[in-house]
Amino acid sequence: MRSRYLPLIAAPLALAACQQPAYDARGVDHDETLLSVSATGESEVRPDEAFFQVGVENFGQTGKAASDANAKDIAKVVAALKEAGVPAKDIQTRTVGIQRIQYGDRKGQYQANNIVAVTVRDIAKAGDAVTAATEAGANVFSGPDLRISDSEKAANTAYGEAFKAAKARAQAYADAADMKIARVLTIRDGGGAQGGRYIPGAPPPPPPVAPMVRTQAMPEEAGGAGVIQPGQTTSRVSVQVDFALVPK
């Protein structure tokens, strides 16, 4: 008796299951069309910080002689940087080393070095800081690396432009297909670059975007020897956006 009623119960359930739209992980309904769009955006901001490394290299017949001379010289360089307006918190030791030379004209001597990283938070003063360190005896220098103190704000502006570009492209597709944008399904951060700094995106990571740094002379700063020109640093990022399109 029980088995006689089973087909009557199962049939409506099977019919209901057939009427349900197939599940789509991206959230596309059965009457929607998926459109994936990739776009890039840029923003240009004048950097306001300069980062460079400076130090001294000394030689001596003994390790102690080279090390003592090196300690005295780097102290003079650090003092000169502070006199030029760089606070102690923006001067950080990066390398301290000593080694015996095994080849060349100085074979058998010792080489000592001490290099500090310097952050100048006013680019207008960066040239003076470099000059001060050099005049104090620095004979090792690298940089400057011009940076944006609020790098996240600059990147976010670029992301905003990238999304606008993606939406405009999606609208062009929709118009051509006689459809309209119903909603945004997903947005994926594609990462990019800000000057020489890589901006990571959502996994899997995209191929790195070539750094773009545009430098131009500023009239009020042109003309002086050793003047650092800040120019403009470009943030360039990409996004991928999934849109749901429906008929008009």
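User: What makes you say that helix α3 lies across β2, β4 and β5?

Analyst: Helix α3 (residues 126-135) touches these strands, running at about 5 degrees to β2. Contact means heavy atoms within 4.5 Å, and angles run from 0 to 180 degrees between N-to-C directions of axes fitted to C-alpha atoms, for helices over the stretch in contact. Helices (H or I, at least four residues) and strands (E, at least two) are DSSP runs, numbered from the N terminus. This is a predicted model, where local features need pLDDT of at least 70, side-chain atom pairs count only at pLDDT 80 or more, and totals for chains, interfaces and linings use all residues. Residues are numbered from 1 along each chain as its sequence is written, and side-chain values use heavy atoms, without hydrogens and water.

User: Why are β3 and β5 called edges?

Analyst: Happy to explain! The open sheet has the order β3-β4-β2-β5, with antiparallel pairing. β3 (91-100) and β5 (140-147) each have a single partner strand, so one side of each lacks a neighbour in the sheet.

User: How do you know that β3 and β4 pair?

Analyst: Pairing needs at least two DSSP bridges between two strands; β3 and β4 (residues 110-120) have 9, in the antiparallel sense.

User: What makes the length of α2 agree with a helix?

Analyst: The expected span is 1.5 Å times one less than the number of residues. For the 21 residues of α2 that gives 30 Å, and its end C-alpha atoms are 30 Å apart, so the two agree.
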